[in-house]
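Please look over the structure shown here. A short report on its chains follows the display.

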2 protein chains.
Amino acid sequence: MNHKGLLVVVCGPSGVGKGTICREIVGRNENVYVSISATTRKPRKGETDGVHYYYKTEQEFENMIESDELLEWAKYCKNYYGTPKTSIETMLDDGKDVILEIDVQGALQVKRNFPDGILIFILPPSLNELKDRIVGRGTESDDVIHARLLAAKGELKHVNEYDYIIVNDKLHHAVSSLESIITAEKCRLKRNIQTVERMCGDDIPSDW
Amino acid sequence: MNHKGLLVVVCGPSGVGKGTICREIVGRNENVYVSISATTRKPRKGETDGVHYYYKTEQEFENMIESDELLEWAKYCKNYYGTPKTSIETMLDDGKDVILEIDVQGALQVKRNFPDGILIFILPPSLNELKDRIVGRGTESDDVIHARLLAAKGELKHVNEYDYIIVNDKLHHAVSSLESIITAEKCRLKRNIQTVERMCGDDIPSDW
């Protein structure tokens with residue numbers, strides 16, 4: 001079977017561990033790629049342009065919006081984030097699975113543009129644990145932490161828009177659930193219509 | 001999380017390998033049980049009452065139908081097959097996953113009675129390979145083989161009623177796909193509404 005790749009949107013509040021889960025799944029599955037977003041947010045310590053994000057100025061980002069180069073984009077905590085269209089469709093057509101680790105505003109845009117994409121929301125084991133993780137990261141100022149907590153609260157309210165929920169209680173459980181969702185989605189009837197039609201069509205042996 | 005178990009209906013034409021897949025998945029997953037059907041078909045060599053089927057006379061089976069003891073039933077190649085209700089609901093309430101290996105008529109009855117159940121259709125790699133497997137089993141008379149081939153052709157026409165398709169090209173692939181489907185289905189939003197409501201409800205910390 002020559003399947004088209006799967007577009008998998010992974011969302012969840014800041015601090016829930018999306019990035020770790022996505023890196024882990026890419027490390028374990030050679031057919032899975034994480035799309036690299038463009039952003040106007042400043043690089044954190046250890047982040048590299050073209051690896052973690054494409055870092056853009058506000059002017060550059062707004063030019064990309066105007067020339068329709070983005071699959072989705074959003075402004076979040078005063079920074080732009082977006083997914084360049086380039087390469088995503090090529091990867092899907094090549095049968096590669098593409099993971100988008102984006103925020104809820106972007107996820108809902110992707111859902112409108114790609115109804116075949118699947119939306120996965122990562123939940124923390126509890127809200128208090130999420131708060132501890134955000135504060136414990138220690139890379140943000142108090143103002144930014146407060147903004148992220150408020151944003152998290154807002155994102156959680158959109159959880160009903162998603163197809164799947166993964167509770168990130170243990171990393172290997174969460175990664176394994178995400179792998180299972182990708183495998184299962186490829187077995188869904190709607191993604192196998194051609195196989196079914198080929199087999200159930202006119203080519204049933206005439207001597208049956 | 002205290003999930004209700006999953007009702008998984010596994011269908012597919014005779015000879016496709018449903019039974020082998022189901023036995024394998026039960027052997028590998030202690031939370032998964034295969035429901036034992038009742039039938040009026042005569043035991044094949046090596047089959048045991050209460051293990052492979054509950055073997056019933058036609059009169060006994062018809063009494064079970066009349067007293068509403070069956071979740072689904074069907075007549076197939078002149079024999080009755082059916083799923084006793086006893087124990088299935090108890091297992092699901094206990095959080096156990098229950099696999100029904102039944103024919104297409106029964107599957108559609110289950111879908112009506114249990115909309116939360118999932119229907120999986122096992123496809124052979126090709127129709128000619130299916131024919132070879134049925135003939136090669138060597139346990140049936142020519143008449144029965146012919147009837148089974150015709151029934152298989154009929155079953156394949158209902159494949160569009162199912163939620164998932166698994167092509168049984170290699171046993172370990174098929175089993176692994178079935179395991180992934182079970183895991184993924186448990187992550188679906190509709191099966192996690194309580195978790196989501198509990199977390200996103202009134203208990204968001206007031207100091208956020």
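The report moves from the overall fold to the pairing of the chains, the cores and a few single residues.

**Overall fold**

This is a predicted model. Chain A has eight helices and nine strands. Its C-alpha trace spans about 75 × 40 × 30 Å along the principal axes. Chain A holds 208 residues, and 51% of them count as buried. Contacts in chain A often link distant parts of the sequence: of those with a separation of 6 or more, 68% join residues 24 or more positions apart.

The exposed surface of chain A comes to about 10,300 Å². Carbon and sulfur atoms supply 46% of that area. Chain A carries 27 positive and 33 negative side chains. The centres of these two sets lie 6 Å apart.

**How the chains pair**

How are the two copies related? A turn of 180° with a shift of 0.0 Å along the axis lays chain B on chain A, with an RMSD of 0.0 Å. The two copies are therefore related as by a two-fold rotation axis. In chain B, S180(B) has the C-alpha nearest this axis, at 2.2 Å from it. Of the interface residues of chain B, 100% are also interface residues in chain A, so the copies meet through the same surface.

**Nonpolar cores**

The largest nonpolar core has 52 residues. Those with the most contacts inside it are V8, I120 and L178 of chain A, together with V8, I120 and L178 of chain B. A second core is separate and has 28 residues. It includes C11(A) and I102(A), along with M199(B) and C200(B).

I120(A) shows how the largest core is knitted together in sequence terms. Leaving out residues up to four places away, I120(A) touches V8(A), V9(A), V10(A) and C11(A). It also touches Y162(A), Y164(A), I166(A), L178(A) and I181(A).

**Helix α4 of chain B**

Helix α4 of chain B runs over residues 104–113. V104(B), G106(B), A107(B), L108(B), Q109(B) and V110(B) are buried in it. What covers them? The cover includes the strands β1 (7–11), β5 (70–76), β7 (97–101) and β8 (118–123) of chain B. Helix α6 (142–156) of chain B is also part of it.

**Two loop residues with positive phi**

D68(A) and K78(B) each have a positive phi, and neither is a glycine. The table sets out their values.

| Residue | Phi | Loop | Relative accessibility |
|---|---|---|---|
| D68(A) | about 55° | between α2 (58–66) and β5 (70–76) of chain A | 51% |
| K78(B) | about 70° | between β5 and β6 (79–84) of chain B | 76% |

The cut-off for exposed is over 50% relative accessible area. D68(A), at 51%, therefore counts as exposed. K78(B), at 76%, counts as exposed as well.

**A residue in helix α2**

M64(A) sits in helix α2 of chain A. Is M64(A) buried or exposed? Its relative accessible area is 12%, and buried means under 20%, so M64(A) is buried. Which residues does M64(A) touch, not counting residues up to four places away in sequence? They are A38(A), K56(A), E69(A), L70(A) and P84(A). The C-alpha atoms of M64(A) and G82(A) are separated by 9.3 Å. Along the chain, these two residues are 18 residues apart.

How values were computed
Residues numbered from 1 in each chain as written. Chains lettered and ligands numbered in written order. Predicted model: local features only at pLDDT ≥ 70, side-chain atom pairs only at ≥ 80, totals over all residues. Heavy atoms only, no water. Core = buried A, V, L, I, M, F, W, Y, C linked by side-chain atoms within 4.5 Å. Buried < 20%, exposed > 50% of the residue type's maximum accessible area, 1.4 Å probe, protein only. Contact = heavy atoms within 4.5 Å. Helix = DSSP H or I, 4+ residues; strand = E, 2+ residues; numbered from the N terminus. Areas by Shrake-Rupley, 256 points an atom, 1.4 Å probe, with all protein chains shown as cover. Lys, Arg positive; Asp, Glu negative; His and termini not counted. Charge placed at Lys NZ, Arg CZ, Asp CG, Glu CD. Least-squares fit on C-alpha atoms with pLDDT ≥ 70 in both.
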